[in-house]
Amino acid sequence: MARKIVVERLDDIDGTPIKNGKGETIAFSVNGVDYETDLKAKNAKEFHSTLNYYIEHATRVGGRKRRSTPVVAPSNGRKRAKDIREWATAQGYEVSSRGRIPAQLEDAYNAAH
């Protein structure tokens with residue numbers, strides 16, 4: 001028996017599908033509690049706009065700036081990971097054949113392409 005598993009990302013605000021990478025996963029913290037939400041581009045823009053108002057009036061007390069994680073279709077993500085691994089190996093980087101690709105390695109790949 002064959003099985004096909006389809007992963008579909010839904011906007012956490014309105015429950016509609018996030019299609020073609022037109023959205024993002026946003027990580028944020030409030031009162032020491034970490035959160036993540038998946039939002040379509042329109043809702044993500046509204047989230048950032050609202051939060052920026054409060055950030056402008058706040059004092060940063062630490063932490064590091066995180067990159068938002070774009071929504072990537074699983075097949076595209078696997079292909080991209082494969083491309084990064086092949087490029088890294090050709091450039092002399094040591095990279096595992098499985099698992100998460102280190103952010104600095106992904107940044108180096110992006111800078112080269």
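Where does Ala-44 lie? Ala-44 lies in helix 1, in a model that is predicted. Ala-44 is buried, because its relative accessible area is 1%, and buried means under 20%. Once neighbours within four places in sequence are set aside, the contacts of Ala-44 are with Glu-24, Ile-26 and Leu-39. Glu-24 and Ile-26 fall within the range of strand 1 (23-30), and Leu-39 falls within that of strand 2 (33-40). Gly-23 is 21 residues away from Ala-44 along the chain, yet the two C-alpha atoms are separated by 7.0 Å.

The overall layout gives these residues their setting. Three helices and three strands make up the secondary structure of the chain. Taken in sequence order, the pattern is β-β-α-β-α-α. The radius of gyration is 17 Å, whereas the globule rule gives 13 Å for 113 residues, so the chain is more spread out than a compact globule. Along the principal axes, the C-alpha atoms fill a box of roughly 45 × 40 × 25 Å.

Other totals describe the chain as a whole. Of its 113 residues, 18% are buried. The accessible surface is about 9,600 Å², and carbon and sulfur atoms account for 51% of that surface. When contacts between residues at least 6 apart in sequence are considered, 40% of them join residues at least 24 apart. As for charge, the chain carries 20 positive and 15 negative side chains, and the centres of these two sets are 5 Å apart.

The start of the β-β-α-β-α-α pattern can be followed through its loops. Strand 1 (23-30) and strand 2 (33-40) are connected by a loop that holds Asn-31. Asn-31 is not a glycine, but its phi is positive, at about 50°. Most residues other than glycine have a negative phi. Asn-31 is exposed, because its relative accessible area is 79% and the cut-off for exposed is over 50%.

Further along, Gly-62 sits in the loop between helix 1 (41-56) and strand 3 (69-70). Is Gly-62 buried, partly exposed or exposed? Its relative accessibility is 48%, so Gly-62 counts as partly exposed. Gly-62 and Thr-37 are 25 residues apart in sequence, and their C-alpha atoms are 22 Å apart in space.

The second half of the account concerns the nonpolar core. Which residues form the largest nonpolar core? This core has seven residues, namely Ala-81, Ile-84, Trp-87, Ala-88, Ile-101, Leu-105 and Tyr-109. Helix 2 (74-90) and helix 3 (103-112) are the elements that give two or more residues to the core. Helix 2 gives the most, with four residues. In soluble globular proteins, nonpolar side chains tend to be buried together.

Trp-87 is one of the core residues and is found in helix 2. At a relative accessible area of 16%, Trp-87 is buried. Beyond its neighbours within four places in sequence, Trp-87 is in contact with Tyr-93, Leu-105, Ala-108, Tyr-109, Ala-112 and His-113. Among these partners, Leu-105 and Tyr-109 also belong to the core. Asp-11, which is 76 residues from Trp-87 in sequence, is 33 Å from Trp-87 in space, C-alpha to C-alpha.

Tyr-109 gives the view from another core residue. With neighbours within four places in sequence left aside, Tyr-109 is in contact with Arg-80, Asp-83, Ile-84 and Trp-87. Ile-84 and Trp-87 are members of the core.

Asp-83, a contact of Tyr-109, has its place in helix 2. The relative accessibility of Asp-83 is 25%, so Asp-83 counts as partly exposed, whereas Trp-87 of helix 2 is buried. Asp-83 and Asn-20 are 63 residues apart in sequence, and 20 Å separate their C-alpha atoms in space.

Methods:
Residues are numbered from 1 along each chain as its sequence is written. This is a predicted model: local features need pLDDT of at least 70, side-chain atom pairs count only at pLDDT 80 or more; totals for chains, interfaces and linings use all residues. Side-chain values use heavy atoms; hydrogens and water are left out. The radius of gyration is taken over C-alpha atoms; the globule rule is 2.2 Å times the number of residues to the power 0.38. Buried means under 20% relative accessible area, exposed over 50%, partly exposed in between (1.4 Å probe, protein chains only). Contact means heavy atoms within 4.5 Å. Accessible areas come from the Shrake-Rupley method with a 1.4 Å probe; for residues, only the protein chains shown count as cover. Lys and Arg count as positive and Asp and Glu as negative; His and the chain ends are not counted. The place of a charge is taken as NZ of Lys, CZ of Arg, CG of Asp or CD of Glu. A nonpolar core is a set of buried Ala, Val, Leu, Ile, Met, Phe, Trp, Tyr and Cys residues joined through side-chain atoms within 4.5 Å.
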